[in-house]
Amino acid sequence: MRIGANDAAVGQNYGNRVAARKGVPDAGRRAPRKGTAGLTRTPAREPMTGHQTEDSMFDRLPAYRVLLALCLSYATGTAAALNDATRDAEQLVSLRVESDGPKRTYFATPKRPGHIQIELRLVDPRNVHAIPALPVRVVLADKHARQVVALLPADPTLESSYGLGLKALPGRPLVRAAVAPFAYRRPLPAHVRAAIGQGPGGPTHRQPQSLHAMDFEVPDGTTVVAAREGLVIDVVMGFVGGGLRPEFDGKANLVRIEHADGTMALYVHLAPRSAMVRIGDRVSAGQPLAKSGHTGYATGPHLHFAVQINQNFSLVSIPFELERPVRR
């Protein structure tokens, strides 16, 4: 049986946090640039202990570093390293602030095609009035900017301070009951024979993110095809290693495709630099996407395939049917 850990993006909420206070920036820090929004995250990966499964690795969230800056102005943060599989909110969304006297209005623009849901919340607010009240969740689409919130002092005669916490997740919000049944084709060419090494509810498919996933046992280099037409919203191809060592945790190559009904298909453990599609491509069912591999936390070559939805701001897998029977 082939088991593996999906990329951390499979099940995690992606978050960043920025904090601000009125006063002088910390010594040694560069003064913030007015009118910009800062998003900085310091990822913290705890070493794995004992037996690790796909599901146990989905639940670890990154630790956050707080930037201190002048109130109502933000320092621009740096993006996470390209080889960090945990997808930052700033990789999905950019924030822009417009000033009008004491009022600050924040706009969010998606950096990726498809739908992205964000959550914005206040952190340690003092004397702040938000319109609308925070936290608030907003769905972004098609790279169009959208106003999220306006902030101003509740009492203009007093000092104000606040932080902003931002999370972002691919997909628009859905509930499982609202998803109509759909028969997916196998994510492999018709002539390729593949046993199911692990099916829904298998030993490492116990958490919501992977409960209904299937692991197809195929050799490295097998062509992986789209199980359904849709829009490519994520491609990760920068990882080269695989195995059961801790350093491979969360480092699987993948392709994510959003479908017309809001569901998303996930193809994981792909071979390095094997992508045949790019973010923003529209693909048809059966179109080649990449080659299979064993990148990330995996016992050996296989394709991890799952259908997910964004339900209550969390990525969860849902049951799916295949057009063709598979050999078990």
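**Pocket, strand pairing and backbone features of the predicted model**

The largest pocket encloses about 210 Å³ of space, and of the 14 residues that line this pocket, Ala-180, Pro-181, Phe-182, Pro-319 and Phe-320 are the closest to its centre. A pocket is here an open set of points, on a 1 Å grid over the protein atoms alone, where a 1.4 Å probe fits and which has protein on both sides within 12 Å along at least five of seven lines, while lining residues have an atom within 4 Å of a point; grid points are joined across faces, edges and corners, and the volume is the space filled by probe spheres set on the points. By class, the lining of the largest pocket comprises 9 nonpolar, 1 polar and 4 charged residues, where Ala, Val, Leu, Ile, Met, Phe, Trp, Tyr, Cys and Pro count as nonpolar, Asp, Glu, Lys and Arg as charged, and the others, Gly among them, as polar.

The model is predicted, so that local features need pLDDT of at least 70 and side-chain atom pairs count only at pLDDT 80 or more, whereas totals for chains, interfaces and linings use all residues. Residues are numbered from 1 along each chain as its sequence is written, and side-chain values use heavy atoms, with hydrogens and water left out.

The protein contains 2 helices and 22 strands, taken as DSSP runs (helices H or I, at least four residues; strands E, at least two) and numbered from the N terminus. Of its 328 residues, 55% count as buried, with buried meaning under 20% relative accessible area, exposed over 50% and partly exposed in between (1.4 Å probe, protein chains only). The accessible surface, obtained by the Shrake-Rupley method with a 1.4 Å probe, comes to about 14400 Å², of which 52% belongs to carbon and sulfur atoms. Among contacts (heavy atoms within 4.5 Å) with a separation of 6 or more, 75% are between residues 24 or more positions apart.

Strand β13 (residues 230–236) is largely enclosed by the rest of the structure, because 7 of its 7 residues are buried. Strands pair if DSSP finds at least two bridges between them; β13 is joined by 5 bridges to the antiparallel strand β15 (residues 253–258), where Arg-256 is the bridge partner of Asp-234, and by 2 bridges to strand β17 (residues 282–283), also antiparallel, where Arg-282 is the bridge partner of Leu-231.

Two loop residues illustrate opposite degrees of accessibility. His-212, in the loop between β10 (195–198) and β11 (214–217), is buried because its relative accessible area is 15%, and beyond its neighbours within four places in sequence it is in contact with Arg-176, Pro-200, Ser-317, Ile-318, Pro-319 and Phe-320. Arg-273, in the loop between β16 (264–270) and β17, counts as exposed at 64% relative accessibility; not counting residues up to four places away in sequence, Arg-273 touches Met-237 and Val-240.

Most residues other than glycine have a negative phi, and most peptide bonds are trans. Phi of Arg-273 is nevertheless positive, near 50 degrees, and Asp-124, in strand β4 (residues 115–126), likewise has a positive phi of about 50 degrees and counts as exposed at 61% relative accessibility. Cis peptide bonds join Ile-131 to Pro-132, with omega about 0 degrees, and Leu-134 to Pro-135, with omega about 5 degrees. Pro-132 lies in the loop between β5 (128–131) and β6 (136–141), and Pro-135 is found in the loop between β5 and β6.
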